[in-house]
Amino acid sequence: MGCTVAGTGKALPELVVTNDDLSQVVETNDEWITERTGIRNRHVALEETSTDLAADAGRAALADADMAPEDVDLLICMTITPDAVVPSQACLVKARLGLERAVAFDLNAACAGCVYGIDVAADMMEASALADLPEAAGLRLARGNRIRRALVIGVDRLSRITDWTDRSTCVLFGDGAGAVVLEWNAEVPGILSSFLENTDDPTLALACDQLRDLSTFPFGTIGQEKAGAIMSASVEEVAEELSRPHHPFISMQGQKIFKWASRAMADAVRAACERADVPLEDVALIVPHQANERIIRFAAKKLGLPMDRFQVSIQNVGNTSASSVLMALADAYRTERIQPGDKVALVGFGGGLTLGAILFQA
Ligand code: ACO
């Protein structure tokens, strides 16, 4: 019995930015970007908010699953660029879509977000189903919210945290949202296994400190001598603090990430297959994070699989972070690359460093 994919959807902002457009902003060219990354175009959200994109993708996935908003028990939004810190992105989308009964929360696992979000939703569904079974072998599971249908949405507007003067990163990213509807069905296998792993990133190979926190600054600088008193920093002190080097945009050690990612993606897919006792050769399609087509090619080589077993959707969207795997999954369903009964692997990696793979039977 398992957690099945009942529908998928995606949404992209209207503005398309080509490689030639970017060559007017930084010193680059279409040939370099296409050869090194496989990217030709990306979408950039000028008007669209993360809520707009996530809601459009969620609506499309619900329509694809033939499901009404009131059917949804759980909404998870994966993002590193929410519209607000509070309310969460998920709360904003829940209200927009009218998901009356759903509980909603955000999850940040950077570009591996889709895999982490699906895994958490599937675990909640499984626990819910198990708790309904009669007590077995002395095992009594706590009963929580009954989760049978979940909407899992990845949304990012990396354009908000991209340094548009840094050619080594700005050519890579794009904005968008992807969504999947998961449904519990005791009659089918659904998700077969998952594998999640975090590797520490002490040299910050991939980072963005946009949310540097100044809120306790007055207490940190002058508070020690006057503990207990209510204090505020002077205007000069705040100005000095704000002038410290601060990098609110994504910074990246490209080659380091490249090497780690191509090996890590292959390892994660193998681990998910081993956990499910499914030979790698039986996997019909691998839907990887779309960071760079060359990373996907390297991972394919490490796995000893031909490229036609991989969904490659990066060409017209770039790296869309938490939405990338779900947008690629929607593409794979729309083009009928996934048939009922197929075994499909999703695999993502990202800042943190986060890594994850999920194997499911369609
Ligand atoms: N246009 C033209 N030249 C460029 C550009 C550009 N856009 N960017 C870099 N260059 C130059 C560099 O300055 C360098 O020039 P030099 O030799 O004169 O110093 C040369 O190209 C080679 O640079 P490298 O960094 O060695 O290029 P590389 O082949 O490693 O490709 C890339 C760079 C595409 C960034 C690659 O390292 C990569 O894809 N890394 C992984 C990135 C990634 O996936 N990040 C995200 C993961 S997590 C997430 O999704 C948020």
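This is a short talk on one protein model with a ligand, covering the ligand's surroundings, two helix pairs and a few backbone details.

Before anything else, please keep in mind that what you have in front of you is a predicted model.

Let me begin with the ligand. It is surrounded by 23 residues, and the closest of these are Thr28, Arg36, Cys111, Gln255 and Asn319. If we sort this shell by class, we find 10 nonpolar residues, 9 polar residues and 4 charged ones.

Which elements supply at least two residues each to the shell around the ligand? They are helix 2, which runs over 30-37, helix 6 at 167-170, helix 9 at 254-276, helix 10 at 293-303, and strand 12 at 343-350. Of the contributors, helix 9 gives the most, with 4 residues.

Turning to individual polar contacts, I would like to point out three of them. A nitrogen atom of the ligand sits 2.9 Å from a polar backbone atom of Gly254. For Gln255, the side chain is what matters here, since one of its N or O atoms is 2.5 Å from an oxygen atom of the ligand. Asn319 also takes part through its side chain, where a polar atom is 2.6 Å from a ligand oxygen. As for cover, the ligand on its own has 1,000 Å² of accessible area, and the protein covers 75% of that.

Now to the helices. Two packed helices are described by the angle between their axes and by the distance between those axes.

Helix 9 and helix 10, which we have just met as parts of the ligand shell, pack at an angle of about 45°, with 8 Å between their axes. Why is helix 9 called oblique to helix 10? The reason is that angle of about 45°, which makes the pair oblique because it falls outside the ranges for roughly parallel, antiparallel and perpendicular. Their crossing is right-handed.

The second pair is helix 3, residues 50-64, and helix 4, residues 89-97, whose axes are 9 Å apart and meet at an angle of about 55°. That angle makes helix 3 oblique to helix 4. Here, too, the crossing is right-handed.

Finally, I would like to take you through some backbone details, following the chain. In the loop between helix 3 and strand 4 we come to Asp66, whose phi is near 55°, a positive value in a residue other than glycine. The loop between strand 4, residues 74-78, and helix 4 holds Pro87, and the peptide bond leading from Val86 to Pro87 is cis, with omega near -5°. Further along, in the loop that joins strand 12 to strand 13, the latter at 354-361, we find Leu353. The peptide bond from Gly352 to Leu353 is cis as well, with omega near 0°.

That is where I will stop, and I am happy to take questions.

Conventions:
Residues numbered from 1 in each chain as written. Predicted model: local features only at pLDDT ≥ 70, side-chain atom pairs only at ≥ 80, totals over all residues. Heavy atoms only, no water. Near = heavy atom within 4 Å. Polar contact = N/O pair within 3.5 Å; in protein donor to acceptor, adjacent residues only side chain to side chain. Areas by Shrake-Rupley, 256 points an atom, 1.4 Å probe, with all protein chains shown as cover. Nonpolar A, V, L, I, M, F, W, Y, C, P; charged D, E, K, R; others polar. Axes fitted to C-alpha atoms, helices over the stretch in contact; angles between N-to-C directions. Parallel < 35°, antiparallel > 145°, perpendicular 65-115°, else oblique. Left-handed = near helix turned anticlockwise from the far one by under 90°.
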